[in-house]
Amino acid sequence: QVQLQESGPGLVRPSQTLSLTCMVSGGSITMDTLYWTWIRQFPEKGLEWVGAMRWSGSIYLNPLLGSRISISRDTSKNQVTLQMTSTTLEDTAMYYCAAEEGLGAGISSWGKGILVTVSS
């Protein structure tokens with residue numbers, strides 16, 4: 001089973017770009033069948049699927065987040081990066097990196113999550 005560790009800033013100013021990295025160990029991010037998914041949880045609210053990258057490099061993004069979201073990867077470092085532009089206070093949430101064996105198939109591994117606060 002793979003292990004995932006999120007990293008990035010805990011505090012972002014409104015309108016700035018948020019960049020979060022998911023370091024993957026115990027398996028390659030190009031491993032067949034796996035999707036690397038970003039999910040966030042708002043304070044006292046439910047989960048929101050942000051986007052995912054397939055092992056092949058294909059990207060799937062939440063259309064509600066529009067063009068603010070991008071996902072990239074560095075195969076040499078075995079990590080996946082989420083970028084979110086034009087952040088607002090409403091982007092304050094716990095951000096999780098997760099692995100699943102098929103888009104929407106169910107999470108098989110979770111990172112511990114990272115709290116991101118958007119505040120001036």
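User: Before we look at Ile71, what makes two strands count as a pair?

Analyst: Happy to start there: two strands pair if DSSP finds at least two bridges between them. In this predicted model, E7 and strand E8 (residues 79-84) are joined by six bridges and run antiparallel. Six bridges meet the requirement of at least two, so E7 and E8 are called a pair. Within E8, Leu82 stands opposite Ile71.

User: How do you know that E1 pairs with strand E3?

Analyst: By the same reasoning: E1 and E3 (residues 18-25) share five antiparallel bridges, and at least two are needed, so they pair. Ser7, for instance, has Thr21 in E3 as its bridge partner.

User: What makes E1 and E7 edge strands?

Analyst: The open sheet has four strands in the order E1-E3-E8-E7, with antiparallel pairing. E1 and strand E7 (69-74) each pair on one side only, and these are the edge strands. From one strand to the next, the twist averages 20°.

User: Why is the link between Cys22 and Cys97 called a disulfide?

Analyst: The cut-off is a pair of cysteine sulfur atoms within 2.5 Å. The sulfur atoms of Cys22 and Cys97 are 2.0 Å apart, so this pair qualifies. Cys22 belongs to strand E3 and Cys97 to strand E9 (residues 93-100), so the pair ties together parts 75 residues apart in sequence.

User: And why is that disulfide called left-handed?

Analyst: The torsion about the S-S bond of Cys22 and Cys97 is about -75°, so the disulfide is left-handed. Both cysteines, Cys22 and Cys97, are buried.

How values were computed: Residues numbered from 1 in each chain as written. Predicted model: local features only at pLDDT ≥ 70, side-chain atom pairs only at ≥ 80, totals over all residues. Heavy atoms only, no water. Axes fitted to C-alpha atoms, helices over the stretch in contact; angles between N-to-C directions. Buried < 20%, exposed > 50% of the residue type's maximum accessible area, 1.4 Å probe, protein only.
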